[in-house]
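Student: Please take a close look at one part of this model for me: the empty spaces. I would like to know what lines them and which strands and helices stand around them.

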Amino acid sequence: MANIRTYLEKSLMIDDSDWNFFRSKLKLRKVKKRTKILKVGEIENYISFIDKGIIRFFIPKEDTEKEITFGFCFSNEFVSAYDSFLTQLPTLYELETLTDVVMWSMSYNDLQEVYKKTSIGNALGRLSSERLYLIKSKREQSLLNETAEERYLKLFDERPKLIKEIPLKYIASYIGVTAQALSRIRKRIT
């Protein structure tokens, strides 16, 4: 849980009383590898901080080889189907653990209470929203402005562990190519 406070205090100072209230609303969740933690049609009720592990965002397809992976979250990051969380409407995509995951989760209702009863609540919400927006914007710009090879190299530079821990078919989908095209890109690079 100390990781959350350290992460948050990179952007804002949290006094002990606000921290204690915030911390009291967190629930520890341990989830096994390859578990869907949110499915299409469900409403996201949690925003979580990953203490350990990797979670994949994807659009399921009848043919699992055609699933579209569009995001990953790692240790020391917040994770949520944030659009569903904010609107409290059903999601159109799924979240799945790629490794065993340990995370601290806060429900929608508890977060609303944190917003109302702490001095850091609104700043916390704004910072979370801004970070999620920047991740989404960076991804969209990457898809529009870079080649698949450039996206792969950038991903490899930014997250070298990703290549070792995530199946290549998910990485291929994430950068917008087939597994065969990714294989060709990897051969060209090496």
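Tutor: What follows goes through the cavity, the two sheets and the pockets in turn. The model is predicted.

Start with the enclosed space. Rolling a probe the size of a water molecule over the atoms shows where empty space is left. Here the count comes to one cavity of 30 Å³ or more. The volume of this largest cavity is about 100 Å³. Its lining is made of F22, L26, I47, F78, Y82, W104, M106, L111, Y115, L124, G125 and S128. Three elements give two or more residues each to that lining: β8 (101–107), α4 (108–117) and α5 (121–145). Of the elements, α5 gives the most, with three residues. By class, the cavity lining has ten nonpolar residues, two polar and no charged.

Now the sheet that contains β8. Four strands form this open sheet, in the order β1-β8-β3-β6, and the pairing is antiparallel. The edges are held by β1 and β6 (78–79), each with a single partner strand, so one side of each has no neighbour in the sheet. Inside that order, β3 (residues 46–52) pairs with β8 over six bridges, in the antiparallel sense. One pair to find on screen is S48, whose bridge partner in β8 is S105. Helix α4 lies across β3 and β8 and runs at about 65° to β8.

K25 deserves a stop here. This lysine sits in the loop between α2 (16–24) and β1 (27–31). Is K25 buried or exposed? K25 is buried, because its relative accessible area is 18% and the cut-off for buried is under 20%. Which residues does K25 touch, beyond its neighbours within four places in sequence? The contacts are S105, M106, D110, E113 and V114. S105 is the bridge partner of S48. M106 is one of the residues that line the cavity. For a sense of distance, take K169 as a second marker. K25 and K169 are 144 residues apart along the chain, and their C-alpha atoms are separated by 37 Å.

Next, the other sheet. This open sheet also has four strands, ordered β2-β7-β4-β5, with antiparallel pairing. Its edge strands are β2 (36–38) and β5 (68–73), each pairing on one side only. From one strand to the next, the twist averages 30°. Strand β7 (residues 94–97) pairs with β2 over two bridges, in the antiparallel sense. On its pairing with β4, the count is four bridges, again antiparallel. L95 of β7 serves both pairings: L95 is the bridge partner of L38 and the bridge partner of F57. The side chains of β7 split by direction. E94 and E96 point one way, L95 and T97 the other way, and all are buried. Helix α8 (residues 168–175) lies across β4 (55–59), β5 and β7, at about 100° to β5.

That brings us to the open spaces. The largest pocket holds about 1200 Å³ of space. Its lining comes to 38 residues, with F70, L132, I135, K136 and R139 nearest the centre. The elements giving two or more residues are β4, β5, α3 (82–87), α5, α6 (148–158) and α8. Again α5 gives the most, here with twelve residues. So which classes make up the lining of the largest pocket? The split is 21 nonpolar, five polar and twelve charged. Set that beside the cavity lining, which has no charged residues.

The second largest pocket has about 250 Å³ of space. It is lined by 16 residues, and those nearest its centre are E65, E67, K169, S173 and V177. K169, the marker used above, is therefore among the lining residues nearest the centre of a pocket, where lining means having an atom within 4 Å of a point. Two or more residues each come from β5, α8 and α9 (179–189). Helix α8 gives the most, with four residues. By class, this lining has five nonpolar, six polar and five charged residues.

To tie the elements together, follow two helices. α5 gives the most residues to the lining of the cavity and to that of the largest pocket. α8 lies across three strands of the second sheet and gives the most to the second largest pocket.

Terms used. Residues are numbered from 1 along each chain as its sequence is written. This is a predicted model: local features need pLDDT of at least 70, side-chain atom pairs count only at pLDDT 80 or more; totals for chains, interfaces and linings use all residues. Side-chain values use heavy atoms; hydrogens and water are left out. On a 1 Å grid over the protein atoms alone, a cavity is a set of points where a 1.4 Å probe fits but cannot get out, and a pocket is an open set with protein on both sides within 12 Å along at least five of seven lines; lining residues have an atom within 4 Å of a point. Grid points are joined across faces, edges and corners, and a volume is the space filled by probe spheres set on the points. Ala, Val, Leu, Ile, Met, Phe, Trp, Tyr, Cys and Pro count as nonpolar, Asp, Glu, Lys and Arg as charged, and the others, Gly among them, as polar. Two strands pair if DSSP finds at least two bridges between them. Axes are lines fitted to C-alpha atoms, for helices over the stretch in contact, and angles run from 0 to 180 degrees between N-to-C directions. Contact means heavy atoms within 4.5 Å. Buried means under 20% relative accessible area, exposed over 50%, partly exposed in between (1.4 Å probe, protein chains only).
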